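The exercises below ask for a careful reading of rings, a pocket, a helix and some loop residues. Please work through each task before turning to its solution.

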Amino acid sequence: HHSAAIMLVRVAKNIQQFPAHVVPILTSVVIECQRAKMPGESYQYACTLMKPEYRKDVSEQYRKKIENIVRKPPPDSDQRDALEANLPCMYCGFLFPESQLDCLNCKNISPFCIASGMRMLKEDWSNCPACFFPARHSVFTVMLQSNGCPMCDSMVKPDEVKIVNDPSGQITYYKSLFQASEN
């Protein structure tokens with residue numbers, strides 16, 4: 001639940017990009033954050049859902065639960081840093097939460113791991129041998145023991161996935177890709 005909650009919070013921070021789906025997305029965020037024991041985020045998005053423009057669209061199934069969350073704010077409503085590791089930016093080394101893709105220091109956007117959804121790390125870089133998407137080696141090899149690749153559904157054996165010792169060429173490629181999309 002923790003990883004799902006973090007990924008949903010990432011979507012919720014950009015909720016303006018999904019205007020037709022605000023209520024269902026935020027409802028999922030609130031419920032998943034509750035399950036992941038992330039009361040600060042759950043409270044924050046529950047309060048958003050109880051605004052007049054959204055309240056009427058909240059499913060009856062979840063309305064009471066969300067209202068109760070809003071009535072009882074958590075004592076420390078920002079526990080995200082305690083629940084999420086701060087890891088170095090692959091471009092400048094600045095430490096920030098691993099679910100955040102854009103560096104607060106150098107403003108570069110990092111690619112995300114197809115297995116975890118978290119930011120890629122230089123020292124844990126691998127690629128799916130079938131689709132070549134980047135994945136954290138430590139997470140991807142564990143996932144492949146029971147599932148196929150989440151991007152291409154190929155049944156890849158964990159021992160087929162190799163660590164990329166020097167991912168600088170791929171990092172440069174993704175940096176240019178992200179810069180081109182901004183222009």
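## Exercise 1: Loop residues and their backbone

Phe132 is placed in the loop that runs between β3 and β4 (134-136). The model is a predicted one.

**Task.** Determine whether Phe132 is buried or exposed, and state which sign its phi takes.

**Solution.** Begin with accessibility: Phe132 has a relative accessible area of 57%, and because the cut-off for exposed is over 50%, Phe132 is exposed. Turn next to the backbone, where phi of Phe132 is near 70°, a positive value in a residue other than glycine. As background, most residues other than glycine have a negative phi.

Lys107 can be treated in the same manner. Lys107 is situated in the loop between β2 (95-97) and β3 (125-127), and its phi is positive, at about 70°, although Lys107 is not a glycine. With 59% relative accessibility, Lys107 counts as exposed.

## Exercise 2: Aromatic pairs

**Task.** Establish how many aromatic pairs there are, and classify the geometry of the pair formed by Phe94 and Phe96.

**Solution.** With ring centres required to lie within 6.5 Å, the count comes to three aromatic pairs. One of them joins Phe94 and Phe96, with 6.2 Å from centre to centre and 25° between the planes; because planes under 30 degrees apart count as stacked, this pair is stacked. The two partners can then be described by their accessibility: Phe94 is partly exposed at 34%, whereas Phe96 is buried at 2% relative accessibility.

Continue with Tyr173 and Tyr174, whose ring centres are 5.2 Å apart and whose planes stand at 70°, so the pair is edge-to-face. Tyr173 has 48% relative accessibility and counts as partly exposed, while Tyr174, at 13%, counts as buried. Ring pairs also link Trp125, Tyr173 and Tyr174 into a cluster.

A last step returns to Phe96 and considers a charged neighbour: Arg119 lies over the face of the Phe96 ring, at 3.8 Å from the ring centre.

## Exercise 3: Helix α2 and the loop before it

**Task.** Work out what span helix α2 reaches from its first C-alpha to its last, and how many of its residues are buried.

**Solution.** Helix α2 covers residues 22-35, which makes 14 residues, and it reaches 20 Å between its first and last C-alpha, close to the 20 Å expected at 1.5 Å a residue. For burial, ten of the 14 residues in α2 are buried, and the helix is thus described as mostly covered. The buried residues of α2 include Val22, Val23, Ile25 and Leu26 towards the start of the list, and also Thr27, Glu32 and Cys33.

Lys13 belongs to the loop between α1 (2-12) and α2, and with a relative accessible area of 49% Lys13 is partly exposed. Along the chain, Lys13 and Tyr45 are 32 residues apart, and their C-alpha atoms are separated by 9.9 Å.

## Exercise 4: The largest pocket

**Task.** State how much space lies in the largest pocket, and which residues of its lining lie nearest its centre.

**Solution.** The largest pocket holds about 260 Å³ of space. Ten residues line this pocket, and those nearest its centre are Arg10, Asn14, Gln100, Leu101 and Asp102. Sorting the lining by class gives four charged, three polar and three nonpolar residues.

Notes
Residues numbered from 1 in each chain as written. Predicted model: local features only at pLDDT ≥ 70, side-chain atom pairs only at ≥ 80, totals over all residues. Heavy atoms only, no water. Phe/Tyr/Trp six-rings, centres within 6.5 Å; stacked < 30°, edge-to-face > 60°. Buried < 20%, exposed > 50% of the residue type's maximum accessible area, 1.4 Å probe, protein only. Lys NZ or Arg CZ within 6 Å of the ring centre and 35° of its normal. 1 Å grid on protein atoms, 1.4 Å probe; cavity = no way out; pocket = protein on both sides within 12 Å on 5 of 7 lines; lining within 4 Å. Points joined across faces, edges and corners; volume = space filled by probe spheres on them. Nonpolar A, V, L, I, M, F, W, Y, C, P; charged D, E, K, R; others polar. Helix = DSSP H or I, 4+ residues; strand = E, 2+ residues; numbered from the N terminus. Expected span 1.5 Å × (residues − 1).
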